[in-house]
There are 2 protein chains.
Amino acid sequence: MATEIERKFLVTGDGWQSTTPTYYCQGYLNRDKHRTVRVRVAGEHGFLTVKGITTGASRAEFEYGIPLDDAKALLTLCDGPLVEKLRHVVEHKGMCWEIDAFLGDNEGLIVAEIELESEAQELALPDWVGAEITGEARYYNSNLAAVPYKHWGHPAE
Amino acid sequence: MATEIERKFLVTGDGWQSTTPTYYCQGYLNRDKHRTVRVRVAGEHGFLTVKGITTGASRAEFEYGIPLDDAKALLTLCDGPLVEKLRHVVEHKGMCWEIDAFLGDNEGLIVAEIELESEAQELALPDWVGAEITGEARYYNSNLAAVPYKHWGHPAE
């Protein structure tokens, strides 16, 4: 078990693209925030991950690598639509940012995440980072499966 | 992934006890029959298991060994009460029977299971085996967590 301490931001600028993003496809065997069970195909790797409830920016996380074929089969057992995205990994001032450019029904949403050692850790924000969305439930990937970005009421609409 | 083909019976006689049963404690991160997610501590071993829906006596099963400490921590995330039992493993005519003598709120219930290679496989029944309960949902361990044996309406009551 690990404790995941993570802050999330919307992405505004353009300087974050890596040349080698990885295609992610994930679904949920449970979307309950108290016991989220995620199946993920990340490139050629499969994962089964359980997360507990989020407190502040922290969450208990149990992640296990599983055979890719198992992960693909488990995706077919998932509840609701799958979430697809391209993950870009970018270093900024010695820290590793993960930027998810969503696809499909969540296309247009781009979110940057960074894992921290503690909630109080100082963070140098890149200039392509916008509003902080840590803890905002509608941005949880598990909720994007149920209510995708395209169904949100966007101000421009 | 494996396909689990299993028949289940109530236990009536006494000839099934092994001298070295293993204590099992298990809970569910999802009890939905379409995507059951089980956490199990079996003696000194931990497991995370996903099962699909049962068709006849068959069910897709994905089982992963996980660290014992992870399994114990995951049990605290489970939905509803845990299921505890002593598992006895007994050989009968070259086949391996698993007999679960339930504890706690399911005490008094004893169920024998056998895994088969095919649904049509011939089976020699030991004399301590009673009525077949394959596919009877109330005997699923995931349902025994929600509605334990002691809350059933027993004829003797």
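# Two chains, one shared face

K93(A) has 9 other C-beta atoms within 10 Å, so this lysine counts as exposed. That is one end of the burial scale in this predicted model; Y28(A), which carries an "active site" label in an unreviewed UniProt entry, sits at the other, counted as buried with 24 C-beta neighbours inside 10 Å. Beyond these two residues, here's how chains A and B fit together, followed by a look at some of the strand pairings.

**How the two copies are related**

- Turn chain A by 180°, with 0.0 Å of shift along the axis, and chain A superposes on chain B with an RMSD of 0.0 Å.
- The two copies are thus related as by a two-fold rotation axis.
- N30(A) is the residue of chain A that comes closest to that axis, with its C-alpha at 3.1 Å.

**Where the chains meet**

- On each side of the contact there are 17 residues: 17 from chain A touch 17 from chain B.
- Four elements of chain A each put at least two residues into the side that touches chain B: strand 2 (22-30), strand 4 (45-51), strand 5 (58-66) and helix 1 (68-75).
- Sorted by class, the side of chain A that touches chain B has 11 nonpolar, 3 polar and 3 charged residues.
- The copies meet through the same surface, because 100% of the interface residues of chain A are also interface residues in chain B.

**The nonpolar core and L29**

- As a general background point, nonpolar side chains tend to be buried together in soluble globular proteins.
- The largest nonpolar core here has 34 residues, and within that set L29(A) and L29(B) touch the most other members.
- Leaving aside residues up to four places away in sequence, L29(A) has partners in its own chain, namely V37(A), V39(A), L77(A), C78(A) and D79(A).
- L29(A) also reaches into the other copy, where it touches N30(B), R35(B), V37(B) and V50(B).

**The annotated span and Y28**

- An unreviewed UniProt entry gives the annotation "domain: CYTH" to residues 2-146 of chain A.
- The end C-alpha atoms of residues 2-146 of chain A are 26 Å apart, and the span is 10% helix and 48% strand.
- Y28(A), the residue under the "active site" annotation in the unreviewed UniProt entry, has its place in strand 2 of chain A.
- Not counting residues up to four places away in sequence, Y28(A) touches T36(A), V37(A) and R38(A), then C78(A), D79(A) and G80(A), and finally S142(A) and A145(A).
- V37(A), C78(A) and D79(A) turn up as contacts of Y28(A) and as contacts of L29(A).

**Strands 6, 7 and 8 of chain A**

- Strand 6 (residues 83-92) and strand 7 (residues 95-102) of chain A run antiparallel, joined by 8 bridges.
- In that pairing, K85(A) stands opposite F102(A).
- Strands 6 and 7 of chain A make a hairpin with 2 residues between them.
- K93(A), in the loop between strand 6 and strand 7 of chain A, has a phi near 50°, a positive value in a residue other than glycine.
- What is the phi of the matching lysine, K93(B)? The phi of K93(B) is likewise positive, near 50°.
- K93(B) lies in the loop between strand 6 (83-92) and strand 7 (95-102) of chain B, and with 9 other C-beta atoms within 10 Å K93(B) is exposed.
- Strand 7 of chain A also pairs with strand 8 (residues 110-115) of chain A, in the antiparallel sense and over 5 bridges.
- W97(A) is set opposite I114(A) in strand 8 of chain A.

**Strands 2, 3 and 4 of chain B**

- Strand 3 (residues 36-42) of chain B is mostly covered, with 6 of its 7 residues buried.
- On one pairing, strand 3 of chain B meets strand 2 (residues 22-30) of chain B in the antiparallel sense over 6 bridges, and the two form a hairpin with 5 residues between them.
- The other pairing takes strand 3 of chain B to strand 4 (residues 45-51) of chain B, antiparallel over 7 bridges.
- Strands 3 and 4 of chain B form a hairpin as well, with 2 residues between them, and G43(B) in the turn has a positive phi of about 60°.
- V41(B) figures in both pairings: V41(B) is the bridge partner of C25(B) and stands opposite G46(B) in strand 4 of chain B.

Methods. Residues are numbered from 1 along each chain as its sequence is written. Chains are lettered from A and ligands numbered from 1 in the order in which they are written. This is a predicted model: local features need pLDDT of at least 70, side-chain atom pairs count only at pLDDT 80 or more; totals for chains, interfaces and linings use all residues. UniProt positions are given in the numbering used here, feature names are shortened, and annotations may be inferred rather than shown by experiment. Two residues are in contact if their C-beta atoms, placed from the backbone, lie within 7 Å. Ala, Val, Leu, Ile, Met, Phe, Trp, Tyr, Cys and Pro count as nonpolar, Asp, Glu, Lys and Arg as charged, and the others, Gly among them, as polar. A nonpolar core is a set of buried Ala, Val, Leu, Ile, Met, Phe, Trp, Tyr and Cys residues joined through C-beta atoms within 7 Å. A residue is buried if 20 or more other C-beta atoms lie within 10 Å of its own, exposed if 12 or fewer, and partly exposed in between; C-beta atoms are placed from the backbone. Copies are superposed by least squares on the C-alpha atoms of residues with pLDDT of at least 70 in both. Two strands pair if DSSP finds at least two bridges between them.
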